[in-house]
Every structure is written in structure tokens, then in C-alpha cells.
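Work through the exercises below with the sequence and the model at hand, and attempt each task before reading its solution.

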Amino acid sequence: MKKQSTADPEPMQVSVPATTTTAPTTPTTNLKEIQSLIETGAYTKEVRRISRAVCLTIVLRRQLTNGLISGFFSRVLPVNSEAYKRLSSYVSKDSGSDEMDIDAAPTAQPAAKHVLPEMEIYCYFLVLLFLIDQKNYDLAKVCASDCIARLKNLNKRTVDVLASRIYFYYSLVHELTNSLAEIRGNLLALHRMATLRHDELGQETLLNLLLRNYLHYNLYDQAEKLRSKAPRFEAHSNQQFCRYLFYLGKIRTIQLEYTDAKESLLQAARKAPSTARGFRIQCNKWAIIVRLLLGEIPERRVFMQKGMKTALTPYFELTNAVRVGDLELFRTVADKFASTFASDGTRNLIVRLRHNVIRTGLRNISIAYSRISLADVATKLRLDSDSPAADAESIVAKAIRDGAIDATIDHANGWMVSKETGDVYSTNEPQAAFNSRIVFCLNMHNEAVKALRFPPNSHKEKESAEKRRERQQQEQELAKHMAEEDDDEF
């Protein structure tokens, strides 16, 4: 109906009051709202208003221009201040944005004795986003370094939200220019400073950035030492907690702790927002490899998730080769998608899967044959060696010792003799599987209870219907902006 009424040229549209139509929001209007949020949050010391301003900025970043940013600086910063001069040097005014500049610039700017630290750091954040989107990475590195030097002299809880974002993009711009090793010392110093200042959000962010820095150069031992000695506290950001779980899963995988790695990776994929598709794809890739190393076969629905089918195709073919136990097919898949596995950082893990492929094929042989010669076992496993029968004998002996198959070796005749398969329901295996599912459900319930949030004094006073509607509307808007923010950051 709205589309028809706005397109209708009849006089009926003119009679509609102007107050009933909602004016479209412009970048200038959004920046004014952000300015109000930051100033109110700074004076009232409400961190949630600063967080709200950051969420609105993430939505606005695609519309930023040089002229818009310059006009915003003229509005919020005294023109003769050092901060204004420093920040204006990073942007140049557009010739085609005069109208936006006039709207953004104040007609009579009130005299200000000092600049709000929150507003100054936000201006750095705005410039840094714009420079990264413009792919001006060299200037973005200079801007981020200047901002971090300024942050070292600030110790305010209302600045912590903005500081954590500055840290993130400071590391990102160095990663984009392949210079992560240069800032490792700075990140360690910043993490120490955040710990001394009890900046828990900064500690979360910097810990993840340091872990990412170490893992980028395959320094898994150093990453584990840092993670184990870092102070523990309750997570404040779901995005940072998901990243931490992902990095922890990668560390555990390299350290052969596959059970803990699987739990961390699946939890990271489950907690990540649905809009963070790239992050969830990476979690699923590593989780699939870990489950294969554990001897499990992932369900088909894992590879058919919405938006992930193409990205997980190499891992689906790899899983099929492991499931069948065909060593030749496994080699073909590994060679076919070698570049993909190398870019994902899973190539070394896939080399470990060769033993699992042989074990799976051996298990299928032991089920199909009650007695088979070791030479035939080597042929069916497609072992390419000088003495396949001797290799098959050692492989079968190791599988029997590890409990992978229930069989014996007749060395005199060169046979593998399988024992009769018993009733699995007469063992404790069904009980163990049922218990693991119960533990998983209880853990999920406990995490959901911890994540519940209640308004202050909700047990003392009852809110009216109007307040409830207003609160629900604000929560819906915030959830929308957070979803867009998650999509951008992951």
C-alpha cells in the first residue's frame, strides 16, 4: 500500500499529514544519532550507548565519504584542537559532497575547553574503517598506530568498547599487508596494559589477536603457552568467545587432543551467528577433519548446510574416501584438492588420515571375511610397497592391539582370522553413547541459563504494556544491527 500511495500522483497524497510519513534516514542523520549516543554515554558512563554507536557505524560504513567524515569532524571537534588537525590529515574533502558537508557542519559551534576522549577515539575508528574500505592500508596503519598511542594515556571504561575495535582493525590491516610479526610485541604490551587496567573486553580481543598472530606463523607451542597463562574471566563478547573456541580447537588438533578439539570447534560453529558464514565454514572444515581423525564419519547433512555445500565439497569427497576405506581414492582426492587443503591449513592433518583410511578398510575386510590371507589384505588395501604382505601383517597386528578389529593372526599360514561379531547391546557401548548425549544436552541447557538477561529490579516492579512494547522494539532494532555487525566482522 505504501508503494502505491507514494507513486500515486493524485491530490489525495497531498492531504496526508507530513507527520505520518517517515523520512528516510541519511548518513548525516545517522552520524548525528551516533554523536548523541557517544556524548550521552560519556557523560552518564553507560557503556551500552557506546556499543550502540559502534553497531550503527558498522551499518553506516559502506556510505562513508571523505566529505562526510570531514563534516563530522567539524561538528564534534574544535577546529583549533590538535585532535582535529591530526585526524583531518587522514582524509581529503570531496568536491562532490558540498551539500552533505553543509548539513553536517554546525552553523555556530560552541566553544569547547577539551575534546571528549570517547569522541576522539571514535573519530579514529571512523577514519580507520574508511581507509580500510578504500584499501589505503599504509595510511590505515599510521592512523591505527597513532590511535593506539593515544589509547595508552586513556583509562576509561567507556573507551574500552572503542579500544577493542581499534585493536581488531590494527591487527587486520597488518595482516592484509603481511606484516603481522611486526606488531606481536605491541599486542603483548597492550594485553599486559589491558590486564592491569582490568579491561576484560580488551583482554578478550587482544588474546584472540595474539593467538591468531601465532597460528598465522604456525607457532602452536607459543600460542598454547600464552593461552594457558592468560587470566580467565567470563566472556563479554560472543564474537570474541567464538573466535577463542576456534583457535583453541586448532591448537588442540595439532596437539593430538582430538576429543577436546572437536568439542571446541563444534561449539564455535554452533555459537557463531548464522550471518557469519565464512567463519562457520572454517569451523566445519576443521571439525570434519577432527571427527575423521577420531574415527567418526560426519553425517551427510553437515555438508548440505545452506551456503556451505560448494565450500565443503572437497571435504565431502575426502569423507567418502575415508568411509569406504579406499586408499587409492584417498590419494586421488588429496591430490585433486591439494591447493584447497593447503589454503585452509588442513593439508598436514589430511596426511594423518592415511592411517584411518587403512584402519577403516581393514575393519570392513574383517567384517566381510572370517579368514583371509595377508597377501589378499594388502591387495584389497592397495598397499604400494616392496613387501605388501609384511606391511599388511604389521598393520593388522597394530589394529588388533589398538582394538580396532577383533581378530587373530595365523603366522604359520599367513592368515587373518576374524572372530564372530557379538551383540553390541550386550556391551556398555549404547549406555556410553546415551550418556554422552545427556551430557551434551545438560551443558547446552546450563549455557542457555547463563546467557539469560533480566532487566534490573525486575522482581520488584512490573513494567507497563507501553514500556514493554518500547523495550521489545529497542531489542529488535539492536538484534538487527548486531546481526549486520556479526556478518561484517566474521
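Two exercises follow, each with a worked solution.

This is a predicted model, in which local features need pLDDT of at least 70 and side-chain atom pairs count only at pLDDT 80 or more, while totals for chains, interfaces and linings use all residues. Residues are numbered from 1 along each chain as its sequence is written, and side-chain values use heavy atoms, with hydrogens and water left out.

**Exercise 1.** Describe the surroundings of asparagine 208.

Solution. Begin with the helix: asparagine 208 sits in H11, residues 200-216, where helices are DSSP runs of H or I with at least four residues, numbered from the N terminus. Next, take its exposure: asparagine 208 has a relative accessible area of 4% and is therefore buried, the cut-off being under 20% with a 1.4 Å probe and protein chains only. Then list its contacts (heavy atoms within 4.5 Å): leaving aside residues up to four places away in sequence, asparagine 208 touches Gln240, Arg243, Tyr244 and Tyr247. Finally, look at the side chain, which reaches the backbone oxygen of glutamine 240 at 2.8 Å.

**Exercise 2.** Which residues of the largest nonpolar core touch the most other members, and which helix gives the most to this core?

Solution. A nonpolar core is a set of buried Ala, Val, Leu, Ile, Met, Phe, Trp, Tyr and Cys residues joined through side-chain atoms within 4.5 Å. Among its 127 residues, those touching the most other members are Phe72, Phe73, Tyr122, Val127, Tyr167, Leu318 and Phe330. Helix H7 (residues 117-133) gives the most to this core, with 13 residues.

Methods: Helix = DSSP H or I, 4+ residues; strand = E, 2+ residues; numbered from the N terminus. Buried < 20%, exposed > 50% of the residue type's maximum accessible area, 1.4 Å probe, protein only. Polar contact = N/O pair within 3.5 Å; in protein donor to acceptor, adjacent residues only side chain to side chain.
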